[in-house]
Each structure stands twice: as C-alpha cells, then as structure tokens.
Amino acid sequence: SRQITLASRPHGEPTLANFATVETALPAPGPDQVLLKIRYLSLDPYMRGRMNDAKSYAAPVPIGGVMEGGTVAEVLASNSERFRPGDIVLSHSGWQSHAIADAKDLRKVDPSLGPISTAVGVLGMPGMTAYTGLLTIGQPKEGETVVVAAATGPVGSAVGQIARIKGARAVGIAGGADKVKALTEEFGFDVALDHRSPTFKEDLKKACPNGIDVYFENVGGHVFDAVLPLLNFFARIPVCGLIAQYNATSLPDGPDRLPLLMRDALTKRLTIRGFIVRDFADQSKAFFTDMSRWIAEGKVKYREDVVEGLDAAPEAFIGLLKGKNFGKLVVKVS
Ligand code: NDP
C-alpha cells in the first residue's frame with residue numbers, strides 16, 4: 001500500500017514537509033476482515049486538528065501514522081459473509097491506496113444512487129453535518145434569514161439549500177467572484193457575498209435588512225465579527241467549524257471582545273451550541289431519505305472538486321484551509 005503519513009506536526013499553516021510518502025506491504029485479511037482498494041479519499045478541514053498533539057474530541061494522528069480520512073473503497077478480497085469482491089464500501093481507511101479493514105466498520109455504498117464519491121460528500125458526513133446542525137440546532141422557520149459562510153463547500157452549500165427548502169431566506173458568503181456567482185446561480189441562495197470584499201461588513205448588513213435568525217458557523221474570524229451585531233433576539237448559532245482559526249498559533253490581537261459576545265448572548269437570548277456530526281448519528285436514516293429525495297427532485301445541488309492521485313493529497317489539503325477548493329474536495333485515488 002502507498003501511504004501518506006504525518007512526518008511532523010505543523011506550526012501554523014501545514015507544509016508539504018509535514019507529510020511523508022511510504023510503501024508498505026499489507027498483511028492478508030484476517031477473519032471478518034476485507035482487503036480494500038481505495039477509490040476516493042475525502043479531504044476535510046477537521047484533519048488539520050488531527051495533526052496537532054492537543055486534547056480534542058478525537059485523538060491526534062501519531063507521528064509516522066497514516067493520515068486519517070473517510071474513503072470510498074472497492075473490496076478486493078473478503079473474509080466476511082457481508083462483502084464480496086467488487087462491492088463498494090464506505091470506510092475510514094485514511095490517506096492510502098489499499099487497506100485492511102474490519103467488516104464491522106464498513107457500510108455498503110449503492111452505486112446506482114449516484115457517483116460513489118457522494119458517499120463522503122452530499123450523501124455522507126458533510127451533508128449530514130449540514131442537515132443535523134441546521135435542523136436540530138438552527139431550526140429555521142419560514143421567512144427567517146439564515147446566514148452561512150464557506151457556502152460553496154459541501155457543508156455550507158447544503159445548509160443554504162436546506163434553509164430554502166424550509167422556507168427561509170438564505171444568505172451565502174464565499175471567497176472570490178466565481179464562488180459568489182455559483183451561490184446564486186448554482187445553489188439558489190437568495191443573496192451571495194464575498195467575505196474578502198473591503199465593504200463586506202456593510203454588504204452583510206444590507207443583505208440582512210431584517211437581521212439574522214440563524215447563523216450557521218463554519219468559519220469564525222472576521223465573518224463572525226460582521227454577523228454578531230446583526231443577530232436577532234433568540235437567534236440560533238449552530239457552531240459547526242471555525243476554519244479561520246485552525247492554523248492560528250496564538251489568540252488574535254485585542255481588544256478582548258468576549259464580554260461583548262456574552263452580553264449579546266444574555267440580552268439577545270442567543271442559542272450558541274457546538275456540535276460534532278456523530279452526536280446526531282441517530283438521524284442518519286432520516287438524513288439519507290430526505291437528502292436523496294432532495295437531490296433527485298433537483299432541490300439540492302452539489303459540486304465536487306476532484307484532484308487526481310494520492311500524491312496530490314497534501315497540496316490539495318493545504319489549499320482547502322485557504323479556500324483553494326471549489327466544492328467538496330476529494331482525491332481520486334484509483
Ligand atoms: P469547505 O469545502 O467549505 O472548505 C473550507 C472553506 O472555508 C474554504 O473553501 C474557504 O471558502 C473557507 N475559508 C477558509 N479560510 C477562511 C477564512 N479565514 N475566513 C472565511 N472562510 C474561510 O469545507 P467543509 O464544507 O467540509 O467544512 C465547512 C466547515 O464545517 C469547516 O469549518 C469544518 O471544520 C466544519 N465541519 C464540522 C463538522 C462537525 O461535525 N462539527 C463536520 C464537517 C465539517 P471560501 O473560499 O469561500 O472562503
């Protein structure tokens with residue numbers, strides 16, 4: 001198996017030197033195990049957290065360990081009654097070309113439902129993140145205003161489209177003219193804004209004349225600064241991600257705005273709730289049913305950014321943290 005491992009821990013932005021490529025001979029699969037050929041590797045922002053040796057909701061990747069990640073794979077050999085060669089499965093095999101996996105950790109992917117890569121995208125972890133975080137914590141109602149950034153990504157694009165299905169007004173924020181254009185033309189957002197524009201703060205205010213009822217937090221940073229004063233009484237903030245600070249090595253410069261945030265949390269009675277998608281694992285069936293129907297009905301569109309070959313993964317991942325991807329970033333491994 002060709003593997004990409006964590007060579008060293010990044011300080012700030014990851015570099016190519018933090019990754020190493022190694023070739024390893026895999027053992028034969030044991031009882032109830034399968035041999036997998038990885039077809040697609042999902043690249044996701046959370047992987048930056050796994051590169052740090054810090055206490056979090058999941059253990060870090062050890063130095064020399066294979067980089068973690070969701071994968072769509074083909075079964076090459078099986079010692080399990082549940083799988084046969086040729087089956088396509090969802091696995092968590094990480095950044096490698098082949099893997100041995102326990103059958104109990106695999107889920108079958110039905111290739112007749114669409115491109116198999118969607119099992120790590122709109123019909124997988126990111127889609128489920130949008131669905132559960134928005135509907136359970138955000139609870140958008142008809143006529144309300146929902147704001148989301150990283151809005152052309154797999155989470156943000158689904159958030160905006162589900163908000164509209166629920167009758168809310170969707171305001172999408174992205175970086176750069178092409179992405180902003182796609183928000184209204186491809187994903188059907190009501191308004192699209194560029195967070196890199198020097199007038200972003202005023203643009204957001206104009207885009208939300210009735211304030212903000214749901215802010216689906218994907219990024220933090222200067223986007224949250226612009227959102228905070230516009231939040232309505234009883235606004236809900238599902239805290240999904242804070243990508244603007246994943247590469248940070250220290251706190252931002254002052255002034256300390258925490259008292260301001262807490263005052264608003266109190267006086268505006270804000271709901272600010274963090275979540276990790278697996279908290280809502282019991283909703284996976286409802287998610288799958290609703291999302292497949294919305295895709296079939298054309299109510300949810302998705303966009304993939306496919307890079308070729310495992311060796312391209314480190315550079316593509318570094319780019320993801322800077323907004324170089326346009327849509328769900330996946331590596332076509334084979
Ligand atoms: P995306 O494909 O949207 O990629 C990340 C995007 O973030 C970039 O393309 C870029 O978009 C934007 N971005 C990067 N830096 C900044 C910045 N400084 N300010 C504003 N925007 C920035 O990623 P996903 O859809 O996979 O993930 C979106 C968020 O959801 C992430 O924070 C991720 O960690 C989180 N997440 C959380 C989960 C959970 O269980 N809580 C599960 C899955 C994802 P642009 O060019 O438009 O600025």
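Helices, as the word is used here, are DSSP runs of H or I with at least four residues, numbered from the N terminus. With that convention, the largest share of the shell around the ligand, 3 residues, comes from helix 3. The model is a predicted one.

The ligand site is a convenient place to start. The shell holds 31 residues, and among these Gly153, Gly175, Gly241, Ala244 and Gly323 come nearest to the ligand. Two or more residues each are given by helix 2 (125-138), helix 3 (154-165) and helix 6 (221-227). Sorted by class, the shell consists of 18 nonpolar, 11 polar and 2 charged residues.

The position of the ligand can be read from the domains. The domain assignment divides the chain into domain 1, which covers 2-121 + 302-332, and domain 2, which covers 125-278. Both domain 1 and domain 2 give residues to the shell around the ligand, so the ligand lies between them. The C-alpha centres of the two domains are 28 Å apart. Where the domains meet, 17 residues of domain 1 are in contact with 16 residues of domain 2. On the side of domain 1 that touches domain 2, the residues are 6 nonpolar, 7 polar and 4 charged.

A database record gives another division of the chain. In an unreviewed UniProt entry, the annotation "domain: Enoyl reductase (ER)" covers residues 14-331. The end C-alpha atoms of residues 14-331 lie 18 Å apart, and the span is 27% helix and 24% strand.

Next comes a sheet. It is an open sheet of 6 strands in the order 10-9-8-11-12-13, with parallel pairing. Strand 10 (191-194) and strand 13 (271-274) stand at the edges with a single partner strand each, so one side of each has no neighbour in the sheet. On average, neighbouring strands of this sheet are turned by 15° against each other, direction ignored. At one edge, strand 12 (residues 231-239) pairs with strand 13 in the parallel sense over 4 bridges. Within this part of the sheet, Pro238 stands opposite Arg273 in strand 13.

Helix 3 links the account of the sheet to that of the ligand. This helix lies across strand 8 (145-148), strand 9 (169-174) and strand 11 (212-216), and runs at about 165° to strand 9. The same element, helix 3, gives 3 residues to the shell around the ligand.

Two points of backbone geometry remain. Most residues other than glycine have a negative phi, and most peptide bonds are trans. Against that background, the peptide bond from Gly254 to Pro255 is cis, with omega near 5°. Pro255 is placed in the loop between strand 12 and helix 7 (258-267). The other point concerns Asp32, a residue other than glycine whose phi is positive, near 60°. Asp32 sits in the loop between strand 2 (19-23) and strand 3 (33-42).

Notes. Residues are numbered from 1 along each chain as its sequence is written. This is a predicted model: local features need pLDDT of at least 70, side-chain atom pairs count only at pLDDT 80 or more; totals for chains, interfaces and linings use all residues. A residue is near a molecule or strand if its C-beta atom, placed from the backbone, lies within 6 Å of it. Ala, Val, Leu, Ile, Met, Phe, Trp, Tyr, Cys and Pro count as nonpolar, Asp, Glu, Lys and Arg as charged, and the others, Gly among them, as polar. Domain bounds come from an automatic or database domain assignment. Two residues are in contact if their C-beta atoms, placed from the backbone, lie within 7 Å. UniProt positions are given in the numbering used here, feature names are shortened, and annotations may be inferred rather than shown by experiment. Two strands pair if DSSP finds at least two bridges between them. Axes are lines fitted to C-alpha atoms, for helices over the stretch in contact, and angles run from 0 to 180 degrees between N-to-C directions.
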